[in-house]
Amino acid sequence: MEFVNRKIRAVEVLLPLYLRTLRYSVPADMGDSVKTGIRVTVPLGNTKLYSGIVVDIYEDTQNDFELKDIAGVIDETPITSSSQLDLWKWIADYYMCTLGEVMKAALPAYLKLESRTKIALNQAVLDSLRNEIELDDIDKQIIENLSGTEVSMDDLSKKINKRNFLSNIKRLLDLGIVSVEEELVNNYKFKYQSFVSLHPHIDSEQKLDLTLLSLKKAPKQEQLLLKYIETATPLNFALPHEIAKNELLDKSGVSESVYRLCEEKEIFISVRKKTDRLKNDVAVRKELPELSPAQQNAFDKLRTGDKPALLHGITSSGKTEIYIRLIDETLKANRQVLYLLPEIALTTQIIDRLRIVFGNRVGIYHSSFSDAERTEVYNNLLKFNSHGEEGGVILGVRSSLLLPFFNLGLIIVDEEHETTYKQYDPAPRYNARDAALILGKIHGAKVVLGSATPSVESYYNALRGKYDLVELTERYGNAVLPDIRTIDMQRAYRKKTVVANFSEPLLTAIKNALERREQVILFQNRRGFSPFVQCNDCGHVAKCKYCDVSLTYHKYNNALTCHYCGYSISMPPNCPACSSPNIKTKGFGTEKIEDELSLLIPDAKIERLDLDAAKSKFAYGKILHDFGAHAIDILVGTQMVTKGLDFGNVSLVGIMNADNLLNFPDFRAYERSFQLMSQVAGRAGRKDKPGEVIIQTTAPENHVIRQVIKHDYSTFFKTQIDERRLFNYPPFCRLIILSVKHSKQDILHKAGKVMKPMLAEIFGQDVAGPEPPPVGRIQNRYILNFRIKLKKDANLRQYKQLINNICTRIKSEREYSGIVTVADIDPV
């Protein structure tokens with residue numbers, strides 16, 4: 001680059017890429033429009049254009065190299081808040097990723113336009129709005145080039161006679177006239193609603209009276225017009241009142257055909273308008289739930305404490321009612337609320353409970369929404385800041401933590417122990433529970449962590465005084481904790497009292513519950529029909545072509561599927577190794593349980609709740625709605641049925657196989673087992689009906705199972721914390737898993753041997769490995785892990801930099817250039 005020595009105006013721009021921020025100069029004609037937090041168009045390389053966020057501005061700066069100019073300005077007002085950027089920076093620093101990776105995870109694709117993004121024309125929307133909007137020459141050029149096809153931003157830029165045409169694209173996106181590629185993949189369509197008003201020629205009371213007289217022989221049409229007049233009173237003929245057509249038809253009790261006749265007679269006109277799909281008319285109940293004395297005591301402690309709080313309440317103790325009280329206080333102070341949940345499925349029940357009290361002040365944000373729907377939530381939060389609108393509630397999963405809050409007063413992390421708060425792939429690999437504590441500090445907001453089975457780390461922090469500890473030890477109302485018993489499956493198999501995968505007591509209990517018209521939940525932590533299939537003659541097991549894992553058999557599509565990479569093949573009729581037809585399924589998953597139950601209890605209505613059965617955002621809600629309406633007798637599911645579901649008619653919970661939880665090779669296996677079994681057990685007997693839980697296991701005397709039976713979290717915690725202190729595991733150390741990956745196993749092992757002494761020189765005996773994880777190859781990349789333990793008071797930033805240096809050094813050598821390294825901070 002040419003050396004220059006002149007003072008210019010420059011900006012630091014953040015791009016949604018694996019990059020640091022990049023510096024660009026600001027042309028003189030754009031100087032006044034560039035602000036921190038807005039998006040600008042910038043060139044990258046010779047041909048690519050990206051939209052990035054301005055994170056810093058330098059006035060009269062001096063640069064040693066010629067800077068490229070920004071290509072254009074997209075926004076008039078910022079799309080990020082300063083507090084939002086502060087959280088992004090903390091996540092990038094703590095979890096060892098780039099700020100660009102955080103931005104990529106945080107922004108909906110709508111807000112990340114780049115040269116490869118494809119744009120398409122929504123002709124129907126354009127036709128409906130043509131007479132209501134004014135298009136400039138650039139708008140018309142864009143529309144002309146999009147007619148009949150989708151075009152990449154790169155190609156479009158070569159045809160448009162304006163450097164900064166992205167501002168026009170943004171406007172057309174906002175109007176719904178064009179769509180980005182992500183919408184087309186999701187078959188997304190903007191939500192439109194027809195609004196009715198009087199025809200323009202009815203511009204006086206005299207003409208309205210004449211129109212009514214003309215309808216004396218058409219009573220349905222007269223009824224429709226009279227209902228419009230009643231709704232629109234007082235009438236304003238200069239600016240006719242608009243009413244939603246479906247609302248008018250409902251109120252008047254007439255059909256669509258009657259309305260069409262009125263349109264033909266030029267009594268009404270209608271216009272289609274884009275509406276906010278996130279707002280639903282909800283009958284709001286003003287009164288708040290009444291609290292029991294125990295709940296009131298917990299609420300008083302939570303609202304007065306200054307520190308983050310851990311609300312440890314047993315299942316069905318009424319934690320949600322306390323959250324609602326806290327939310328109400330926060331909204332009255334005109335501040336925002338973030339309510340985090342670990343699973344999308346849980347939002348279905350919680351949103352109904354919140355909207356009954358708070359109406360449309362509650363919004364939802366999660367990945368099952370289309371990109372345009374997520375953008376609407378994002379933009380609604382921006383309006384809070386720019387228009388001073390009243391505070392609202394965002395209900396969502398971990399990604400909602402990254403939204404642009406401006407005045408956050410309360411953060412609730414419900415079921416805080418759940419591992420789904422941790423992001424695995426891709427980066428940023430953040431834990432939303434921990435990041436919520438940082439976001440609370442940034443905003444000065446109250447943070448409440450809630451769980452019936454808190455994580456060992458959180459409970460330890462509460463006992464040490466880092467958090468306020470608030471406990472609820474009794475169920476709400478007259479509900480009592482369920483009775484839990486075990487079935488020794490080894491003995492049951494010896495006595496031949498097992499039918500399919502059901503012990504005799506469990507099958508009898510299911511039938512008895514159904515006879516009483518009560519409902520049943522069955523938990524099995526494996527989806528699919530069978531975990532693997534095996535040839536009974538030669539022992540061959542079908543494995544994934546790209547991962548070191550057996551393929552799971554799914555009966556509904558007769559396929560063998562890898563749950564790690566998605567690779568799938570049809571179920572072979574004969575063994576691929578020896579051609580024998582003697583291929584058998586082994587083990588059982590949720591699909592097999594459902595199949596067996598349909599044969600054993602043919603009259604029962606059975607449904608599954610797992611990733612295969614609930615793939616869309618509506619499927620979760622439909623299954624849970626049907627279960628709540630007693631349209632389903634037995635719900636079979638994976639972890640989805642263990643988390644926070646509240647159904648008063650469930651009297652029996654069956655845990656099909658506790659052993660596969662207890663025997664997982666991880667120091668947290670017993671903690672997860674206790675949490676999962678306790679949580680799913682808590683679904684039984686939540687109202688006035690007593691609950692029963694049956695656990696099928698070959699180890700009925702296992703101490704974790706005994707603690708679950710006694711509902712004894714205190715003893716469970718003491719056992720776990722003593723073991724972790726002894727073996728130096730969290731919370732007594734910080735843990736980092738450094739994964740090294742390569743497509744060739746020999747090169748990977750050679751790199752592991754080179755890296756081991758480099759890491760040992762820094763960490764000594766506190767580094768273990770390299771060793772393969774339980775699944776040693778995923779997506780055709782072999783994996784080796786180093787496990788690094790750091791003292792709690794260690795300089796974490798310094799050690800992370802040293803790890804980065806080693807990774808950079810190893811990848812700089814030609815032989816290891818294909819190596820991929822991933823550091824997972826605080827893995828769960």
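The following questions and answers concern a predicted model of one protein chain.

Me: How many helices and strands does the secondary structure of the protein chain come to?
Reply: Both kinds of element occur in the protein chain. The count is 27 helices and 36 strands.

Me: Which radius of gyration does the protein chain have, and why does it count as being as compact as a globular protein of that length?
Reply: For 828 residues the globule rule gives 28 Å. The value for the protein chain is close to that, so the chain is as compact as a globular protein of that length. Along the principal axes, its C-alpha atoms fill a box of roughly 90 × 80 × 65 Å. The radius of gyration is 30 Å.

Me: What share of the residues of the protein chain count as buried?
Reply: The protein chain exposes about 37800 Å², and carbon and sulfur atoms supply 48% of that area. A residue counts as buried when its relative accessible area is under 20%. Of the 828 residues, the share that counts as buried is 55%.

Me: Among contacts between residues at least 6 apart in sequence, what share join residues at least 24 apart?
Reply: The contacts considered here are those in the protein chain between residues at least 6 apart in sequence. Those joining residues at least 24 apart make up 75%.

Me: How many cavities of 30 Å³ or more are found, and how much space lies in the largest cavity?
Reply: Rolling a probe the size of a water molecule over the atoms shows where empty space is left. A search of the whole structure for cavities of 30 Å³ or more finds four. In the largest cavity, the space is about 60 Å³.

Me: Which strand gives the most to the lining of the largest cavity?
Reply: The lining consists of Val533, Gln534, Cys535, His540, Val541, Ala542, Pro572, Cys575, Pro576 and Ile583. One strand, covering residues 532–535, contributes three residues to this lining. That strand is β23.

Me: How many charged residues are in the lining of the largest cavity?
Reply: By class, eight of the lining residues are nonpolar. Two others, by the same classes, are polar. The number of charged residues is zero, as the lining has no charged residues.

Me: Is alanine 462 buried or exposed?
Reply: Alanine 462 sits in helix α17, which spans residues 456–463. Leaving aside residues up to four places away in sequence, alanine 462 touches Leu310, Tyr467 and Leu469. Its relative accessibility is 7%, and the cut-off for burial is under 20%, so alanine 462 is buried.

Me: What distance separates the C-alpha atoms of alanine 462 and proline 308?
Reply: Alanine 462 and proline 308 are 154 residues apart along the chain. In space, their C-alpha atoms are separated by 9.2 Å.

Me: Which residues does isoleucine 803 touch, not counting residues up to four places away in sequence?
Reply: Isoleucine 803 belongs to helix α27, residues 796–812. Its relative accessible area is 1%, so isoleucine 803 is buried. Its C-alpha atom lies 33 Å from that of leucine 662, which is 141 residues away along the chain. The residues touched by isoleucine 803 are Met96, Ile736, Leu738, Phe763 and Ile788.

Me: How far apart in space are valine 125 and tyrosine 339, C-alpha to C-alpha?
Reply: Valine 125 lies in helix α3, residues 123–129, and counts as buried at 9% relative accessibility. Tyrosine 339 is 214 residues from valine 125 in sequence. Their C-alpha atoms are apart in space by 35 Å.

Me: Where does proline 428 lie, and where is proline 770 found?
Reply: A cis peptide bond joins alanine 427 to proline 428, with omega about 5°. Another cis peptide bond joins glycine 769 to proline 770, also with omega about 5°. Proline 428 lies in the loop between β16 (408–414) and α16 (432–443). Proline 770 is found in strand β33, residues 767–771.

Me: Is serine 579 buried or exposed?
Reply: Serine 579 has phi near 65°, a positive value in a residue other than glycine. Its place is in the loop between β26 (568–570) and β27 (583–586). With a relative accessible area of 54%, against a cut-off of over 50%, serine 579 is therefore exposed.

Me: What is phi of aspartate 826 near?
Reply: Aspartate 826 is placed in the segment after β36 (820–825). Its phi is positive, in a residue other than glycine, and is near 55°.

Methods:
Residues are numbered from 1 along each chain as its sequence is written. This is a predicted model: local features need pLDDT of at least 70, side-chain atom pairs count only at pLDDT 80 or more; totals for chains, interfaces and linings use all residues. Side-chain values use heavy atoms; hydrogens and water are left out. On a 1 Å grid over the protein atoms alone, a cavity is a set of points where a 1.4 Å probe fits but cannot get out, and a pocket is an open set with protein on both sides within 12 Å along at least five of seven lines; lining residues have an atom within 4 Å of a point. Grid points are joined across faces, edges and corners, and a volume is the space filled by probe spheres set on the points. Helices (H or I, at least four residues) and strands (E, at least two) are DSSP runs, numbered from the N terminus. Ala, Val, Leu, Ile, Met, Phe, Trp, Tyr, Cys and Pro count as nonpolar, Asp, Glu, Lys and Arg as charged, and the others, Gly among them, as polar. The radius of gyration is taken over C-alpha atoms; the globule rule is 2.2 Å times the number of residues to the power 0.38. Buried means under 20% relative accessible area, exposed over 50%, partly exposed in between (1.4 Å probe, protein chains only). Contact means heavy atoms within 4.5 Å. Accessible areas come from the Shrake-Rupley method with a 1.4 Å probe; for residues, only the protein chains shown count as cover.
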